[in-house]
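Grab a pencil and open the structure viewer. The exercises below walk you through one protein, one step at a time, and each comes with a worked solution.

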Amino acid sequence: GTVTTTLKEAAATTNINYGDIEKMTEGIVGELEGKFEQGAFRAEDKDILDTLLADSGVPELDKSAESGTNKFPASYIAEALQTMGSQGKEVNADQCVLVVNWKCYDYLLRDIIGTQSLAFGRPDVVRDGVIRNLIGVNIAISNYLPVVSTKYSAYLIHRNAVVLAPKRELLIETERDTQARKVKLTGSHTFGRVVLDNKAAVEIKTNIT
């Protein structure tokens, strides 16, 4: 079969004074390119998550009404996997990624450290303070998560759920304003995305604001 999508362009711009350029090393351009590349990835993250949020067919795990001190325990991951499996999907945890922001990540880390069995099973998390995967699921931290009624929604996404197609890689353009004595740098790229299987993702509605 064939699917179609609309291409989008994401861009960021910065201005540098001539005087500042003279003080900088040649490596500054590479540093700026790296920042633009990070911005491009963030734009892709936001677009994918907003697309899943707008799709009413994505299964939900609604925890927004739950109370308690830990607002994102590790059990949410297991429940989200179960929710995905209940849609008739073959769930392979290592082919899934959990997308959370720093607030969700903080609560998840507290749960692991504060639960004896989890701390015993994952001493590396306690030692390093870093969670790269849990129950086989990869953990990704995004600077953006959709907000529903002032509360964040995290996402468990199987690799079959969404296709991201970069059409044009990062393009760095420069423009000199000789009168203002500035150089304008713009980094942009074009990409498309499409949801192939909305049942292969789960929206986890949290109580985190």
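**Exercise 1: Two rings on one helix**

Trp102 and Tyr105 both sit in helix H4 (residues 102-114), three residues apart, which is about one turn of the helix. Keep in mind that you are looking at a predicted model.

Task: work out how the rings of Trp102 and Tyr105 are arranged, stacked or edge-to-face.

Solution.
- Step 1. Start with the distance: the ring centres of Trp102 and Tyr105 are 5.4 Å apart. Rings count as a pair if their centres lie within 6.5 Å, so this one qualifies.
- Step 2. Now check the angle: the planes of Trp102 and Tyr105 stand at 75°. Planes over 60 degrees apart count as edge-to-face, so that is the label for this pair.

Task: decide for Trp102 and for Tyr105 whether the residue is buried or exposed.

Solution.
- Step 1. You need two cut-offs: buried is under 20% relative accessible area, and exposed is over 50%.
- Step 2. Trp102 has a relative accessible area of 55%, so it is exposed.
- Step 3. Tyr105 comes in at 6%, so it counts as buried.

Task: place Lys103, which is also in helix H4, on that scale of exposure.

Solution.
- Step 1. The relative accessible area of Lys103 is 42%.
- Step 2. That value lies between the two cut-offs, so Lys103 is partly exposed.
- Step 3. Here's an extra to look up in the viewer: Lys103 and Ile208 are 105 residues apart in sequence, but 7.5 Å apart in space from C-alpha to C-alpha.

**Exercise 2: The other ring pair**

Task: how many aromatic pairs does a search of the whole structure find? Describe the one formed by Phe72 and Tyr76.

Solution.
- Step 1. The search turns up two aromatic pairs.
- Step 2. In the pair of Phe72 and Tyr76, the centres are 5.2 Å apart and the planes make an angle of 70°, an edge-to-face arrangement.
- Step 3. Check the exposure as well: Phe72 has a relative accessible area of 0%, so it is buried. Tyr76 has 3%, so it counts as buried too.

**Exercise 3: A sheet of three strands**

Task: find the order of the strands in the open sheet that contains S1, S8 and S9, and say which are the edge strands.

Solution.
- Step 1. Remember the basics: strands of a sheet pair through backbone hydrogen bonds, either parallel or antiparallel.
- Step 2. The order here is S1-S9-S8, with antiparallel pairing.
- Step 3. Strand S1 (8-17) and S8 are the edge strands, because each pairs on one side only.
- Step 4. On average, neighbouring strands of this sheet are turned by 15° against each other, direction ignored.
- Step 5. Zoom in on S1 and strand S9 (residues 182-195): ten bridges join these antiparallel strands. For one of the partners, look at Asn15, which is bridged to Lys184 in S9.

**Exercise 4: Strand S5 and its partners**

Task: which way does S5 run relative to S3, parallel or antiparallel, and relative to S4?

Solution.
- Step 1. S3 and S5 run parallel and are joined by four bridges. Leu98 stands opposite Ile139 in S5.
- Step 2. Strand S4 (residues 133-134) pairs with S5 in the antiparallel sense, over two bridges. Asn133 has Asn138 in S5 as its bridge partner.
- Step 3. The hairpin of S4 and S5 has two residues between the strands, and Ile135 takes a positive phi near 55° there.

**Exercise 5: The largest pocket**

Task: describe what lines the largest pocket and say which element gives the most to the lining.

Solution.
- Step 1. The volume of the largest pocket is about 340 Å³.
- Step 2. Its lining has 18 residues, and Asp45, Ile48, Val97, Val99 and Ile157 lie nearest the centre.
- Step 3. Sort the lining by class: ten nonpolar, four polar and four charged residues.
- Step 4. Helix H2 (27-54) and strands S3 (96-100), S5 (137-141), S7 (151-158) and S8 (162-177) each supply at least two lining residues. H2 gives the most, with four.

Note on methods: Residues are numbered from 1 along each chain as its sequence is written. This is a predicted model: local features need pLDDT of at least 70, side-chain atom pairs count only at pLDDT 80 or more; totals for chains, interfaces and linings use all residues. Side-chain values use heavy atoms; hydrogens and water are left out. On a 1 Å grid over the protein atoms alone, a cavity is a set of points where a 1.4 Å probe fits but cannot get out, and a pocket is an open set with protein on both sides within 12 Å along at least five of seven lines; lining residues have an atom within 4 Å of a point. Grid points are joined across faces, edges and corners, and a volume is the space filled by probe spheres set on the points. Ala, Val, Leu, Ile, Met, Phe, Trp, Tyr, Cys and Pro count as nonpolar, Asp, Glu, Lys and Arg as charged, and the others, Gly among them, as polar. Axes are lines fitted to C-alpha atoms, for helices over the stretch in contact, and angles run from 0 to 180 degrees between N-to-C directions. Rings of Phe, Tyr and Trp (its six-membered ring) pair if their centres lie within 6.5 Å; planes under 30 degrees apart count as stacked, over 60 as edge-to-face and the rest as tilted. Buried means under 20% relative accessible area, exposed over 50%, partly exposed in between (1.4 Å probe, protein chains only).
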